Amino acid sequence: MWGFSEDGFESFYESQVSENLSKYGVAFMELANGVGIFASVLCILVLRSPPFEWFHREIYYSSLDKYYIFLAILSVVNLIVYFWVAYSYGVVGDSKADQAIQEQPTDTRTHPEEAEPGNCVEGGGAYGDHMKKWAEILKE
């Protein structure tokens, strides 16, 4: 899970955070992971004490099945919250990549060597047809 969270933070920072704050990406990632570790330790301490007492010195007396059911329920709740936030956030692509694509001129010539900035010429062939399709997709 550590690797997934690192990749998620990295892609979030590349697409959503301004360049001024990009240098703090590693610090924010470590902060979030540290809060997660602290929360898991706190959870274990709470579940060790009464009224739960799910953890004992001997594994035979521990109620690990309840702990794993608790983790499963917590994961499902986390997934629901994730979907709710993703839905409310909307469908947004990589904003920096979208800006770079919009700034580049669209050229549909058949050979890339013939392409000149600012020209938009209807062309045939595999390369031209491919570029026409992407140009139409980007306009939508």
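I began with how α1 and α2 cross: the crossing is right-handed. I am working from a predicted model.

**α1 against α2.** I looked up the geometry of the pair next. Helix α1 covers residues 2–16 and helix α2 covers residues 25–48. Their axes come within 10 Å and cross at roughly 140 degrees. Then I listed who touches whom. From α1, the residues are Trp 2, Ser 5, Glu 6, Phe 9 and Tyr 13. They meet Gly 25, Phe 28, Met 29, Glu 30, Ala 32, Asn 33 and Ile 37 in α2.

**Core.** I asked which residues form the largest nonpolar core. There are five: Cys 43, Leu 47, Trp 54, Phe 55 and Tyr 67. I followed Leu 47 further, leaving aside its neighbours within four places in sequence. Leu 47 is in contact with Trp 54, Phe 55 and Tyr 67, and also with Phe 52, Glu 53 and Phe 70.

**α3.** I checked the length of this helix. Helix α3 runs over residues 64–89, 26 residues in total. From first C-alpha to last it reaches 37 Å, close to the 38 Å expected at 1.5 Å a residue. Just after α3, I found Gly 90 with a positive phi of about 95 degrees.

**Record against model.** I pulled the UniProt entry, which is unreviewed. It places the feature "transmembrane region" at residues 24–47 and 67–87. I looked at both spans in the model. Residues 24–47 are 96% helix and 0% strand, with end C-alpha atoms 35 Å apart. Residues 67–87 are 100% helix and 0% strand. The end C-alpha atoms of residues 67–87 are 30 Å apart.

Definitions and conventions:
Residues are numbered from 1 along each chain as its sequence is written. This is a predicted model: local features need pLDDT of at least 70, side-chain atom pairs count only at pLDDT 80 or more; totals for chains, interfaces and linings use all residues. Side-chain values use heavy atoms; hydrogens and water are left out. A nonpolar core is a set of buried Ala, Val, Leu, Ile, Met, Phe, Trp, Tyr and Cys residues joined through side-chain atoms within 4.5 Å. Buried means under 20% relative accessible area, exposed over 50%, partly exposed in between (1.4 Å probe, protein chains only). Contact means heavy atoms within 4.5 Å. Helices (H or I, at least four residues) and strands (E, at least two) are DSSP runs, numbered from the N terminus. The expected span of a helix is 1.5 Å times one less than its number of residues. UniProt positions are given in the numbering used here, feature names are shortened, and annotations may be inferred rather than shown by experiment. Axes are lines fitted to C-alpha atoms, for helices over the stretch in contact, and angles run from 0 to 180 degrees between N-to-C directions. A crossing is left-handed if the near helix is turned anticlockwise from the far one by less than a right angle, and right-handed if clockwise.
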